[in-house]
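Colleague: Could you take me closely through one part of this model, beginning at a single point and working outward to its surroundings? Please state the cut-off behind each term as you go.

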Amino acid sequence: MDKPTHLVEFESMLIGRHALLYGPRSRAAGGQLDRSAYVLLTRIRMHGPMSIGQLSEAFGLDASTLNRQTAAMLRAGVVERIPDPDGGIARKFRITEEGERRLEADRASNVEGLERVMEDWSPEDVTRFAAYLERFNRDIERLEGRPWPRP
């Protein structure tokens with residue numbers, strides 16, 4: 001590991017490995033959305049209702065992948081299909097009350113897990129780390145041409 005980017009690659013691989021650390025709740029008990037549902041619901045929550053085409057553009061995924069993911073989300077009751085509020089032809093996916101509830105529960109569990117991990121960090125260190133992660137993500141988004149809406 002002779003370059004700093006090698007260390008970034010290694011550490012980012014480990015972050016993915018630790019993703020399950022955050023939420024101890026089980027899916028069977030109505031907790032934890034799968035990763036794709038969590039990310040899709042977050043995007044729909046921030047953007048508003050979205051069509052398969054809009055989701056495809058936002059994520060750089062093909063329609064067949066998104067059809068499978070949204071079909072599972074429909075079965076789980078976390079999204080519903082609605083006519084385009086702007087009068088377009090394509091139907092759109094809107095987050096349901098159950099989707100909002102489960103997304104917020106998972107988000108709260110993730111934040112709680114992060115707080116456990118960083119309990120010995122100073123508030124300044126947490127703020128700096130968040131700023132570096134945002135910068136990293138924004139640069140990826142810039143290169144891909146797919147910016148992510150932020151609160």
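**A loop glycine and the helix before it**

Modeller: Gly48 sits in the loop between α2 and α3, where helices (H or I, at least four residues) and strands (E, at least two) are DSSP runs numbered from the N terminus. The model is a predicted one, so that local features need pLDDT of at least 70 and side-chain atom pairs count only at pLDDT 80 or more, while totals for chains, interfaces and linings use all residues. Residues are numbered from 1 along each chain as its sequence is written, and side-chain values use heavy atoms, with hydrogens and water left out.

Gly48 comes just after α2 and takes a positive phi of about 100 degrees. With 18% relative accessibility, Gly48 counts as buried, a word that stands for under 20% relative accessible area, as against exposed for over 50% and partly exposed in between (1.4 Å probe, protein chains only). Leu7 is 41 residues from Gly48 along the chain, and the C-alpha atoms of the two are separated by 37 Å.

The helix that precedes this glycine, α2, takes in residues 35-47, and at 1.5 Å a residue its 13 residues should span 18 Å, which agrees with the 18 Å between its end C-alpha atoms; the expected span is 1.5 Å times one less than the number of residues. The buried residues of α2 are Ala37, Leu40, Leu41, Arg43 and Ile44. Because they cover an arc of only 160 degrees around the axis, they lie on the same side of α2, the arc being that of the directions from the helix axis to the C-beta atoms. These buried residues pack against α3 (52-59), α4 (63-76), β1 (79-82), β2 (92-95) and α5 (97-117).

Of these partners, α5 deserves a separate description. α2 and α5 pack at an angle of about 110 degrees with their axes 10 Å apart, the axes being lines fitted to C-alpha atoms, for helices over the stretch in contact, and the angles running from 0 to 180 degrees between N-to-C directions. The two helices are therefore roughly perpendicular, on a scale where angles under 35 degrees count as roughly parallel, over 145 as roughly antiparallel, 65 to 115 as roughly perpendicular and the rest as oblique. Their crossing is left-handed, meaning that the near helix is turned anticlockwise from the far one by less than a right angle, with clockwise giving right-handed. On the α2 side Tyr38, Leu41, Thr42 and Arg45 meet residues of α5 that include Gly99, Leu103, Asp106 and Asn110, contact being heavy atoms within 4.5 Å.

Turning to α5 itself, its 21 residues should span 30 Å at 1.5 Å a residue, and its end C-alpha atoms are indeed 30 Å apart. Gly99, Arg102, Leu103, Asp106, Ser109, Asn110 and Gly113 are buried in α5; since they cover an arc of only 130 degrees around the axis, they fall on the same side of the helix. Glu97 and Glu115 are exposed, on the face of α5 turned away from its buried side.

On the other side of the loop, α3 packs with α4 at an angle of about 115 degrees, with their axes 9 Å apart, so α3 is roughly perpendicular to α4. That contact is made by Ile52, Leu55 and Ser56 of α3 and Ala63, Leu66, Asn67 and Thr70 of α4, and the crossing is right-handed.
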